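Dear colleague,

I am passing on the structure below, with notes on what turned up in it. Please look it over before you read the notes.

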Amino acid sequence: MKPIGGGLLSVTGAVLALLATAGTSWAAFPGANGLIAYSTGDIFRTSSAGEIFTISPAGGDPTRLTDNAIADTQPSWSADGRRLTFIRGSAHWGQHQNVWTMRADGTHQRQVTHGATPESSPSFSPGGARIIMTRGWGYTGNIVIVRTDGTDPVRLTYDREARDPAFSPNGRRIVFAGAPREERAAGIWVMRRDGTHKRLLAADPNSYSPDFDPDGSHMVFHRLHNCISHGCDDSVILMRSNGRRKRVIGDGEEPVFSPNGKRIAAARVSCDALTMTCNSKLLTFDRHGTDGRVVTDSISSPSWQPIPRP
C-alpha cells in the first residue's frame, strides 16, 4: 500500500497527492549477496528525519551509516560494493536535495551536486565513474547523468516527467519510469546510455522503480492499483528485458534484485484505514514470489550490495 516511509505515517489526501512523485530505482550489479542498504526517511519528504542503515539479509542488528539533522535517503550501491550514492536533504523542509556519495562504512561522505533543483533516485554506472539521477519533481523531472565529481552533466530526457533511472549491468542501456517526451506514453522505458533509441516496454503511468536483474535478461518494477482514500495496492512485476512475459510475483514496492539474481528485496507497506497510519517492512522473496522473509521494519529504498572482490 502507498504511501511508504520510515515508521508510522499519517495518511492524508495531501500525501496521496504526492504519489506520482514517488519511486526509486537501484541497479542490481552481479556478485555474491552482501548487505542490504535502506533508509528510514519518508520518501514523500513530509519529515525532516531520515538516516541510512545497512543490515544482513538474514536480519539482526542494523548498522547506522549517517547521523545528522538533515534527511539522508535513497541509498544505492556501486558495482564493486565499496561505495554508496544517496540523497541528502528534504525538499519539503526547504533544504537543497542533492546527490552525495560515501564509503560502505559511512565514512568519506562527499557532495556530488550543488544545485537548487531537487534530485532523487541516484545510482552508479557499472564502472563507477558516473551517477545517473532524476533532477526535478513531478512533470518537471528529467534524467541527468554526471561524473562522480558533479561535472559534465548530460540531460537524457526532455519535456515530460521521467524518473527512477538505472543502468543495465553491462552499462549499455538505461531503464526508467515515466515518459521521455510530452507526446509519448507513460510507463517503463529503456534507452541507450546516451539517451537515444528510447523504447516503451510497459505502458502504464502507475509503474515505478524498474531494475535489471544481474544478467540483464529480466526486469522487475512495481505497479500501483486499486487506489482508494487511504492508499494504493502495490504489485511487483517481473518481465523480460524486452518487455515480454510480464507477471505478478508478489506485493511490495521499490523492488531490487539480489546480486546473485536469485532473490528480490522490496518494501511492503500495510495501512490501517481506521487509524490512518502505515508501516513498512523490508522483505526478500525468490523470483517466483515465494519463500518470503521479513528482514526488518520501518524502511524505504532498499539496495542490495554486491560483495566486493579482494
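**Strand β7 and its surroundings**

Strand β6 (residues 83-88) is joined to β7 by six bridges, and the two run antiparallel. Please keep in mind that this is a predicted model. Within the β6 pairing, Leu84 stands opposite Met102 of β7.

β7 also pairs with strand β8 (residues 110-111), again in the antiparallel sense, over two bridges. Here Trp100 is the residue opposite Gln111 in β8. β7 and β8 form a hairpin, with six residues between them. In its turn, Gly106 has a positive phi of about 90 degrees.

β7 is mostly covered, with five of its six residues buried. Thr101 lies in this strand, which spans residues 98-103. Thr101 counts as buried because its relative accessibility is 10%, and the cut-off for buried is under 20%. Leaving out residues up to four places away in sequence, Thr101 touches Leu84, Thr85, Phe86, His108, Gln109, Arg110, Val112, Phe124 and Ile131. Trp77 is 24 residues from Thr101 along the chain, and their C-alpha atoms are separated by 9.7 Å.

**The β13-β16 sheet**

Further along the chain, four strands form an open sheet in the order β13-β14-β15-β16, with antiparallel pairing. β13 (162-167) and β16 are the edge strands, each pairing on one side only. On average, neighbouring strands of this sheet are turned by 25 degrees against each other, direction ignored. Between β15 and β16, which run antiparallel, there are four bridges. Trp189 has Leu200 in β16 as its bridge partner.

**Nonpolar cores**

The largest nonpolar core has 12 residues: Ala166, Val175, Ala177, Ile188, Val190, Leu201, Ala202, Phe212, Met219, Phe221, Ile237 and Met239. At least two residues of this core come from each of β14 (173-178), β15 (187-192), β16 (199-203), β18 (218-228) and β19 (231-240). A second, separate core holds 11 residues, including Ile36, Tyr38, Ile55 and Ala265.

Which residues does Ile237 contact, leaving aside its neighbours within four places in sequence? Ile237 is in contact with Met219, Val220, Phe221, Arg223, Lys246, Arg247 and Val248. Of these contacts, Met219 and Phe221 are listed with Ile237 in the largest core.

Regards

Terms used: Residues are numbered from 1 along each chain as its sequence is written. This is a predicted model: local features need pLDDT of at least 70, side-chain atom pairs count only at pLDDT 80 or more; totals for chains, interfaces and linings use all residues. Side-chain values use heavy atoms; hydrogens and water are left out. A nonpolar core is a set of buried Ala, Val, Leu, Ile, Met, Phe, Trp, Tyr and Cys residues joined through side-chain atoms within 4.5 Å. Buried means under 20% relative accessible area, exposed over 50%, partly exposed in between (1.4 Å probe, protein chains only). Contact means heavy atoms within 4.5 Å. Two strands pair if DSSP finds at least two bridges between them. Axes are lines fitted to C-alpha atoms, for helices over the stretch in contact, and angles run from 0 to 180 degrees between N-to-C directions.
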